[in-house]
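Visitor: I have a model open on my screen and would like a friendly tour. Could you take me through it?

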Amino acid sequence: MDERTYTADVEPGTTVTVAGWAHEIRDLGGIAFLIVRDTTGQIQVKFEKDEMDDELVETGTDVTRESVVQVSGKAEEEPRAPTGVEVVPEEVEVIAEADPELPLDPSGKVDSDLSTRLDNRTLDTRKPEVQAVFEIRSAVLGAVREQFRELKCTEITTPKIVATGTEGGTELFPITYFGEEAFMNQSPQLFKQLCAGGGFERVFEIGPIFRAEEHNTPRHLNEATSIDFEGAFCGADEAMDVAEEIIIAAYEAVDSQCSDELEALGIADEFTVPESGFPRLTYEEAIEKVNATGELDDVLVWGDDLSTEAERALGEVVGEHYFITEWPSEIKPFYIMDESDDISTGFDMMHPSMELVSGGQREHRYEQLVEGFRQQGLDPEEFDYYTKMFKYGMPPHAGFGMGAERLLMTMLDLDNIREAVLFPRDRQRLSP
Ligand code: AMO
């Protein structure tokens, strides 16, 4: 295997060994072709039956689709071959034979529903357009990390087994921790704040969040990836600037590094990098705009959260990424600082089709923080590990959480968020 050449690197006039999957076998009688596919592309292997050893021809043409094969031979120029090069084999080895009954067709000629695809993800990700999503995901996460570092942030990883929840509205997953009740973390919220105040000042984390969402929807997962930022001596405006920079860096990376993948997804022509200066609407302006569309059955009033329909109606009016600021305090969590009696510093960043980010300035004053817990019906005692640190010099700070899968879903116009996760977890799916 050490001597293996990727199919994309095969040069005419050389002797090569290629290895990959038997993508297709075309038997035309006197001549047959085996198409070998690897991570870089495909190559045609030609069998001229009369001129070749029978056993060699048999091995190469009787192989079942998706078997793993290794072929050694001479590479020759052949304008009629799909890549302009073909291999004339001297040796063919079937390394791992595939069952002739495949649960789905990786060549994409026969469509499968999402559930079959997810049940057989290893076959599914052999399709170029599926693999493209995850190559893009990798580029996005790389660019996000790079941009955070550029912004002088330290990458942190915080516990996923925790004692308390932080995000009201969605249920926790309880687990047993040495005989005690614990939970899977819904958000690194409290930990990233503790780190911002712990001398690092600016931190980020890319990690899993766990939410026992009540319903299966095309935009919710029970295990998602959150891109989190927290900055000391930051206010909500600066946190919004950072969120915007992160989104733009992600799009720019995909634009410059992933042209083949965008092509495979059929969206290369319409892919555009969002322009900076995302509009910032106040909550009040947002609900006025939604009501003005007349598309909702019920008029929105102050204090209402935006439903999926409301987000869509507003997204259509705005037509680009935008922020909603100055949310009512009553619908934002306890850790968000208030700007006035009933208005918070909380913000959301929206893609025209859905919410991508939530954030805000945090309450860093001990007394007000503890009071905030009480107002939301939470017992401050349970959060003592968090609140007590606010007695020892906690600077003002702000941050946000961004859903990585939603970022991909909106960027690539995917119909279902599960398309952006290799092995999604939802109410029906715990394996693979
Ligand atoms: P929030 O709960 O709004 O805020 O989550 C932030 C972002 O994470 C994504 N997200 C999800 N994606 C898929 N499936 C889910 N079940 C799911 N839940 C959330 C969304 C959402 O906008 N602690 C705050 C953030 C902060 O203030 O820093 C929080 O978690 O894209």
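Guide: Gladly, and keep in mind that this is a predicted model. Let's begin with a pair of residues on neighbouring strands.

Visitor: Which residue is the bridge partner of Met349 in S15?

Guide: Strand S14 covers residues 347–351 and runs antiparallel to strand S15, residues 354–361, with five bridges joining them. Met349 falls within that S14 range. Its bridge partner in S15 is Val357.

Visitor: Which strands stand at the edges of the open sheet of eight strands?

Guide: The sheet has mixed pairing and follows the order S6-S10-S11-S16-S15-S14-S13-S12. An edge strand has a single partner, so one of its sides is left without a neighbour in the sheet. That describes S6 (154–155) and S12 (280–282).

Visitor: At about what angle does helix H12 run to S15?

Guide: H12 is made up of residues 404–411 and lies across S11, S14, S15 and S16. Helix H5 (residues 189–200) lies across S6, S10, S11 and S16, at about 30° to S11. For H12 against S15, the angle is about 140°.

Visitor: Which element gives the most to the largest nonpolar core?

Guide: This core holds 54 residues, and Met411 is one of those that touch the most other members. Contributors of at least two residues each include H4, S10, H6 and H12. With 11 residues, the top contributor is H6.

Visitor: Which residues does Met411 touch, leaving out those up to four places away in sequence?

Guide: Met411 belongs to H12, which spans 404–411. Contact here means heavy atoms within 4.5 Å. The residues touched are Ile136, Val140, Ala250, Tyr251, Val254, Ile267 and Phe271.

Definitions and conventions: Residues are numbered from 1 along each chain as its sequence is written. This is a predicted model: local features need pLDDT of at least 70, side-chain atom pairs count only at pLDDT 80 or more; totals for chains, interfaces and linings use all residues. Side-chain values use heavy atoms; hydrogens and water are left out. Two strands pair if DSSP finds at least two bridges between them. Helices (H or I, at least four residues) and strands (E, at least two) are DSSP runs, numbered from the N terminus. Axes are lines fitted to C-alpha atoms, for helices over the stretch in contact, and angles run from 0 to 180 degrees between N-to-C directions. A nonpolar core is a set of buried Ala, Val, Leu, Ile, Met, Phe, Trp, Tyr and Cys residues joined through side-chain atoms within 4.5 Å. Buried means under 20% relative accessible area, exposed over 50%, partly exposed in between (1.4 Å probe, protein chains only).
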